[in-house]
Amino acid sequence: MAKRDYKGFMNLDYVHVKNVPAKVDKEFGYLISAQVMKQVECKVAAAILLHPVPISGREVEFFRTILGLPQREFASLFKLSQVAILKWEREKSKRLSLANEIAFRAIMANELGLGVRSSQLVQSLEKSPKRLDVDFEINYEDLADAA
């Protein structure tokens, strides 16, 4: 099985995923199974939560998509209206307020089953990093539990 790197994973320009197992097909090129793709999505989500990445509408949409929730159900996790989530997602590069960002990180960490301490949730940069490398072979859930 081949390994493939992906830049700009799921419209997150700064996310570079490395060492993703893929099957090579003569007609279609690199193919990734749905199971592997789900694992990649979870690893990227964990890396975003564990690294100092500011949360903007782009990240909100990414997390909602990987959880497979419509805006109404996603909003209910935060006790917000669907309109609030719609506003967050429409403003792709606008950072959430600090209170909303901390709540978002805590709720998403809980939804993904990550053992993240509250001190890890408030350490974020003013702007998105130039690059966030996510290595498929690293278990980010274990890193969260160990921190």
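In helix α5 of this predicted model, the buried residues are Glu-101, Phe-104, Arg-105, Met-108 and Ala-109. Viewed down the helix axis, these buried residues fall within an arc of 125°, so they line one face of α5. An α-helix has 3.6 residues a turn, so residues three or four places apart point the same way. The face turned away from the buried side of α5 carries Ala-99 and Asn-110, both of which are exposed.

Helix α5 spans residues 98-111 and has 14 residues. From its first C-alpha to its last, α5 reaches 20 Å, which is close to the 20 Å expected at 1.5 Å a residue. After α5 comes Gly-113, a residue with a positive phi, near 70°.

In the protein chain as a whole, the secondary structure consists of 7 helices and 4 strands. Read from the N terminus, the order of these elements is β-β-β-α-α-α-α-α-α-β-α. Three strands thus open the series, six helices follow, and a strand and a helix close the series.

The protein chain has 147 residues, of which 39% are buried. Among contacts in the chain with a separation of 6 or more, 64% are between residues 24 or more positions apart. The area exposed by the protein chain is about 8400 Å². Carbon and sulfur atoms supply 52% of this exposed area.

Note on methods. Residues numbered from 1 in each chain as written. Predicted model: local features only at pLDDT ≥ 70, side-chain atom pairs only at ≥ 80, totals over all residues. Heavy atoms only, no water. Helix = DSSP H or I, 4+ residues; strand = E, 2+ residues; numbered from the N terminus. Buried < 20%, exposed > 50% of the residue type's maximum accessible area, 1.4 Å probe, protein only. Contact = heavy atoms within 4.5 Å. Areas by Shrake-Rupley, 256 points an atom, 1.4 Å probe, with all protein chains shown as cover. Expected span 1.5 Å × (residues − 1). Arc of directions from axis to C-beta.
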